[in-house]
Amino acid sequence: MGLNAKTSEIIAFAFLTLAALTVAGFVLFILYYIVSNGYSAISIEFLTEMPRKMMTEGGIYPAIVGTVYLIIGSMLVALPMGILAAIYLTEYAGENRTTWAIEMAINNLAGTPSVVFGLFGLAMFVKYLGFGPSLLSASLTLALLIIPVIIRSSEEALLAVPPEYRESSLALGISKWQTIRHVVLPASIPGIVTGSILSIGRVAGETAPILLTGAAYFLPRLPDSVYSQFMALPCHLFVLATAGTNIAQTRPLQYGTALVLLMIVLAVNFVAVLVRRYYRQKLKI
Amino acid sequence: MTEAIQNVANPQIEVKDLNLWYGEKQALKNINIRIPKNSVTAFIGPSGCGKSTFIRCLNRMNDLIKSCRIEGEVSIEGKDIYGPGVDVVDLRKQVGMVFQKPNPFPMSIYDNIAYGPRIHGVNKKDIEGVVEHALRSAALWDEISDRIRSPAFSLSGGQQQRLCIARTMAVKPEIILFDEPCSALDPISTAKIEELIMNLKKDYTIVIVTHNMQQAARISDYTAFFLMGELIEFGKTRQIFENPGEKSTEDYITGRFG
């Protein structure tokens with residue numbers, strides 16, 4: 001005999017709640033762990049100065065700047081390309097072999113391990129195109145990495161725009177492109193922004209692709225052009241924790257670096273949320 | 001087909017032997033009709049009879065449906081709109097459309113109406129006049145003139161539909177197609193839209209699809225009855241309702257099916 005409806009409801013509810021609480025618990029634990037170990041390292045000096053004495057003292061300023069540049073650089077490339085590709089796929093592409101091939105390529109790109117992107121960036125941007133290990137090579141590599149994410153979320157955002165908007169704009173004698181430009185795209189911005197939030201987190205956190213394409217082990221100055229090498233927070237953290245000159249001594253610096261990385265991602269996400277809210281209110285949807 | 005209609009001297013819309021298929025399924029069969037200028041013509045018939053499909057042939061909205069195939073001729077002002085070299089965008093400027101559900105854009109009332117003229121290149125300083133004129137023509141100005149910058153979604157359903165009519169008029173079409181414009185509205189809003197449509201025929205040629213036979217009888221000059229993809233009967237509204245020539249028209253009008 002099966003359980004009665006009420007009992008099974010209680011059991012299901014208990015398991016679902018437990019699962020949700022476990023996930024939230026882990027997230028909170030990681031946050032607590034990093035904050036409690038890292039906050040003592042945070043100081044004005046830590047945030048604004050160059051590393052000193054083989055990175056056992058001093059700050060992480062160049063790594064912060066490098067990560068911010070990477071976010072900006074990869075977004076400048078990936079956002080327009082991703083959004084334009086999504087517009088093509090949702091609004092223009094027919095149901096044919098070409099479209100199928102493009103969709104397959106995007107799906108496979110999304111599932112490709114990031115180190116493979118790193119190797120591709122090394123071969124393509126660093127060597128073949130001659131950009132060298134640089135901010136440019138690394139930003140382009142990261143852009144390729146996140147373009148599938150941006151395409152997918154932009155496609156969803158575009159498809160969520162009610163077809164009535166398109167119909168009534170076309171019925172006013174307004175061309176398809178103008179309709180997309182003036183009605184469909186503005187209405188889908190909140191969704192597109194939400195999608196790019198996820199990719200910003202990835203850009204800030206990826207290590208392997210930038211290690212191969214331009215991140216420096218140690219570089220006590222800021223990049224002065226897109227062809228410069230740079231430091232970045234995740235690589236710096238990796239170096240301090242595995243290959244530093246004194247791993248035990250720099251432990252507080254490691255936690256501090258992790259905390260700063262976390263804060264940057266949260267701050268960028270927060271800005272993205274504000275942008276999304278602004279557009280939602282403007283559109284009143 | 002009734003004598004009087006065949007003799008419409010200068011029809012604004014003239015359809016000859018129109019056939020339409022969705023994939024394998026034929027949705028319209030040999031439609032022939034001549035719609036006179038500055039009149040209200042109603043398309044009636046049971047669900048699935050092809051009346052909405054047909055009205056969408058008149059501004060080529062069916063182009064958006066991939067499986068749709070059309071044969072025959074639709075002339076507006078003597079020009080075949082399915083002929084070579086026809087710019088669909090220009091056609092839709094000339095033939096406006098109001099849809100079943102009120103569907104304003106997610107913008108302010110003002111921007112909803114200014115949207116079309118702006119893109120069509122109307123002078124910036126003239127836009128305000130165009131907006132006011134359109135709102136007045138749609139009998140909406142007095143109700144909302146103090147809040148034209150507020151979002152269009154803050155209007156009631158009936159007001160939204162009149163806004164959509166104003167939006168259509170703002171691009172100065174010659175013909176306005178209404179695809180069941182009142183089916184989502186309450187009776188009071190419906191009455192306002194009907195009154196509006198009757199006033200509009202001075203300036204526009206109106207074609208309206210309606211489910212509501214009383215509505216067709218109240219507001220139209222001509223009525224076309226569709227059944228299973230065929231145009232069964234077309235004539236002066238009074239004649240269609242009082243003295244239909246076909247048994248099936250009479251059955252539909254008297255409510256025996258539909």
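This passage walks through a few local features of chains A and B. The model is a predicted one, so local features need pLDDT of at least 70 and side-chain atom pairs count only at pLDDT 80 or more, while totals for chains, interfaces and linings use all residues. Residues are numbered from 1 along each chain as its sequence is written, chains are lettered from A in the order in which they are written, and side-chain values use heavy atoms, with hydrogens and water left out.

A good place to start is helix H5 of chain A, residues 114–128. Helices here are DSSP runs of H or I with at least four residues, strands are runs of E with at least two, and both are numbered from the N terminus. H5(A) has 15 residues and reaches 20 Å from its first C-alpha to its last, close to the 21 Å expected; that expected span is 1.5 Å times one less than the number of residues. At Gly121(A) the helix bends by about 30°, the bend being the angle between axes fitted to the seven residues ending there and the seven starting there. Gly121(A) is also one of the buried residues of H5(A), along with Ser114(A), Phe117(A), Gly118(A), Phe125(A) and Val126(A). Buried means under 20% relative accessible area, exposed over 50%, and partly exposed in between, with a 1.4 Å probe and protein chains only. The cover over these buried residues includes helices H4, H6, H8 and H9 of chain A. After H5(A) comes Gly130(A), with a positive phi near 75°.

Elsewhere in chain A, Ile83(A) sits in helix H3, residues 61–92. Ile83(A) counts as buried because its relative accessibility is 18%. Leaving aside residues up to four places away in sequence, Ile83(A) touches Ile150(A), Ser154(A), Leu185(A) and Ile192(A), among others; contact means heavy atoms within 4.5 Å. Its C-alpha and that of Ile147(A) are 8.9 Å apart, although 64 residues separate the two along the chain.

Met263(A), by contrast, belongs to helix H11 and counts as partly exposed because its relative accessibility is 40%.

Chain B offers two non-glycine residues with positive phi. Arg60(B) has a phi of about 60° and lies in the loop between helix H2 and strand E4; at 14% relative accessibility, Arg60(B) counts as buried. For Glu77(B), phi is about 55°, and the residue is in the loop between E4 and strand E5. With 43% relative accessibility, Glu77(B) counts as partly exposed.
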